[in-house]
Amino acid sequence: MSFIRSFKLAGAFLIGLIIAACDTPPPAENDNPPSLDLSQPVRVALLTPTGSNDTQREAIGRAIANAAEMAHSDLAGIEIVLSIYPTAGDPAQAAEAARQALDEGAAIIVGPLFGLATTAVAPVAASGDVPVLSLSNNPEIAGGNVYILGTTYSSVAERLVGFTAARGLSRLGVVHPEGVEGEQARRAVAQAADARNAELVATGAYPLSIEGITKTAMGIADSMRSAGADAVIFTDGPTGGLNYATETLRGLGVRDAQFVGLQRWDVSPQAMAQPGLQGGWFAASDPGLQAQFEQRYLSQYGTQPHPLAGLAYDGVAAVGALIAEAKAEGANDPFSTARLTQPQGFAGVNGIFRFRADGTSDRALAIFEVRDGAAQVLDPARRSFGASGS
């Protein structure tokens, strides 16, 4: 990877783009959703970022719609009407799309993609007691009637910290870019450490530029060594300063600590080839399940799916599972809070996942180790949360 004078932060967390924070409080949750006649098809709205002049958003939107249609076709014995509403990634258009969806009888919304658009949609959906399964991974927008399908820093941090602590690596250092996203990631690691009998012993932050990393690296390296950090968690990704930061710290003597990544490293062949990342660990979804989905998508649409596409599949599949469960019980409340947050969760194309009471998601992740420039599974993802959610 070649470095320019300053890095362009792509907002990358696992899936490449994301999703602005917002201080608007979420609407209150509703434990008494409207009753649905499940003898009739259930109307489901899918909000996609299509309808703009942005070619990247158009491609992502098409992939989201394609994956949702795949999930729709897999709902054996469950009838839904899946309607797609373009938002152009714009909050105002997203809110209008949500109003149209409710006017047309939507009982649940899957999407939108971006956090600000989700925040605009939430009160509209809440006015009709309709839950929103957003494709965002931003925990700041979750809660009330909003559940996020994206993998959060907290979910990844809990998996990684639990794994490192089990390996006897409980004195943790965190290295992160300055700014809101980096601080959010640092807090996630700190909270995971508190919950997993580990200790956050050192923190280092750097401006996201070569000059910034170079200027702060010596101080960060000194703090990691003096604190005795036996594992250093990097919150940055290959689209940011990860490669330069890890190589610089290794060069400054941080050699004994285990390097761990809060973001996926295997999205970049250049990163995987970096000497500083060899032997490092990161978390990602089950590679076997992911490969199956990618092959199915390729066979059906002739192209590889965007990494976000699986989230749309999972959202529609969860809707189908909730309807099936309610029908089997003779109930009419498939989208109640209790059902949405059931501890055993749902089966997704990249592994199991569940919604927490705060609207964030918990996803089963595998631990990978970088060996000779390739990602090898070190600890597989769990296949079940259990009936109690444990």
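In the predicted model, Arg354 lies over the face of Phe385, at 4.0 Å from the ring centre. A second arginine is placed in a similar way: Arg363 lies over the face of Phe353, at 4.5 Å from the ring centre. The ring of Phe353 also belongs to an aromatic cluster, which it forms together with Tyr147, Phe346 and Phe355.

Aromatic rings also pair elsewhere in the model, and the count of aromatic pairs comes to eleven. One of them is formed by Phe293 and Tyr313, whose ring centres are 6.0 Å apart and whose planes stand at 70° to each other. An angle over 60° counts as edge-to-face, and this pair is therefore edge-to-face. The two residues come from distant parts of the chain, with Phe293 in helix 9 (residues 287–301) and Tyr313 in helix 10, 20 residues apart. Phe293 has a relative accessible area of 5% and is buried. Tyr313, with a relative accessible area of 10%, is buried as well.

Helix 10 comprises the 20 residues 309–328. At 1.5 Å a residue the helix should span 28 Å, and the distance of 29 Å between its end C-alpha atoms agrees with this expectation. Of the 20 residues of helix 10, 15 are buried, so the helix is largely enclosed by the rest of the structure. Just after helix 10, Gly330 takes a positive phi of about 70°.

Positive phi values also occur in residues other than glycine. Asp129 has a positive phi of about 55° although it is not a glycine. This residue is located in the loop between helix 3 and strand 4 (132–134), and a relative accessible area of 35% makes Asp129 partly exposed. Phi of Asp372 is likewise positive, near 50°. Asp372 is found in the loop between strand 14 (366–371) and strand 15 (374–379), and at 81% relative accessibility Asp372 counts as exposed. A further backbone feature is the peptide bond from Gly111 to Pro112, which is cis, with omega near 0°. Pro112 has its place in the loop between strand 3 (108–110) and helix 3 (115–127).

Strands 1 to 5 are arranged as an open sheet of five strands in the order 2-1-3-4-5, with parallel pairing. Strand 2 (80–86) and strand 5 (146–148) stand at the edges of this sheet. Each edge strand has a single partner strand, so one side of each is left without a neighbour in the sheet. On average, neighbouring strands of the sheet are turned by 20° against each other, direction ignored. Strand 1 (residues 42–48) and strand 2 run parallel and are joined by seven bridges. Within this pairing, Arg43 stands opposite Val81 in strand 2.

Parallel pairing is also found around strand 6 (residues 171–177), which is joined by seven bridges to strand 7 (residues 199–206). The bridge partner of His176 in strand 7 is Ala205. From strand 6 the chain crosses through helix 5 (residues 180–195) to strand 7, in a β-α-β crossover that is right-handed. Strand 6 also runs parallel to strand 8 (residues 231–234), to which it is joined by four bridges. Val175 takes part in both pairings: its bridge partner in strand 7 is Gly204, and Val175 stands opposite Phe234 in strand 8. Six of the seven residues of strand 6 are buried, so this strand is largely enclosed by the rest of the structure. In a regular strand the side chains alternate between the two faces of the sheet.

The remaining residue considered here is Val156, found in helix 4 (residues 153–166). At 0% relative accessibility, Val156 counts as buried, because the limit for a buried residue is under 20%. Val156 and Pro34 are 122 residues apart along the chain, and their C-alpha atoms are separated by 34 Å.

Definitions and conventions: Residues numbered from 1 in each chain as written. Predicted model: local features only at pLDDT ≥ 70, side-chain atom pairs only at ≥ 80, totals over all residues. Heavy atoms only, no water. Expected span 1.5 Å × (residues − 1). Buried < 20%, exposed > 50% of the residue type's maximum accessible area, 1.4 Å probe, protein only. Phe/Tyr/Trp six-rings, centres within 6.5 Å; stacked < 30°, edge-to-face > 60°. Lys NZ or Arg CZ within 6 Å of the ring centre and 35° of its normal. Pairing = 2+ DSSP bridges. Right-handed = clockwise from strand over helix to strand, strands pointing away. Axes fitted to C-alpha atoms, helices over the stretch in contact; angles between N-to-C directions.
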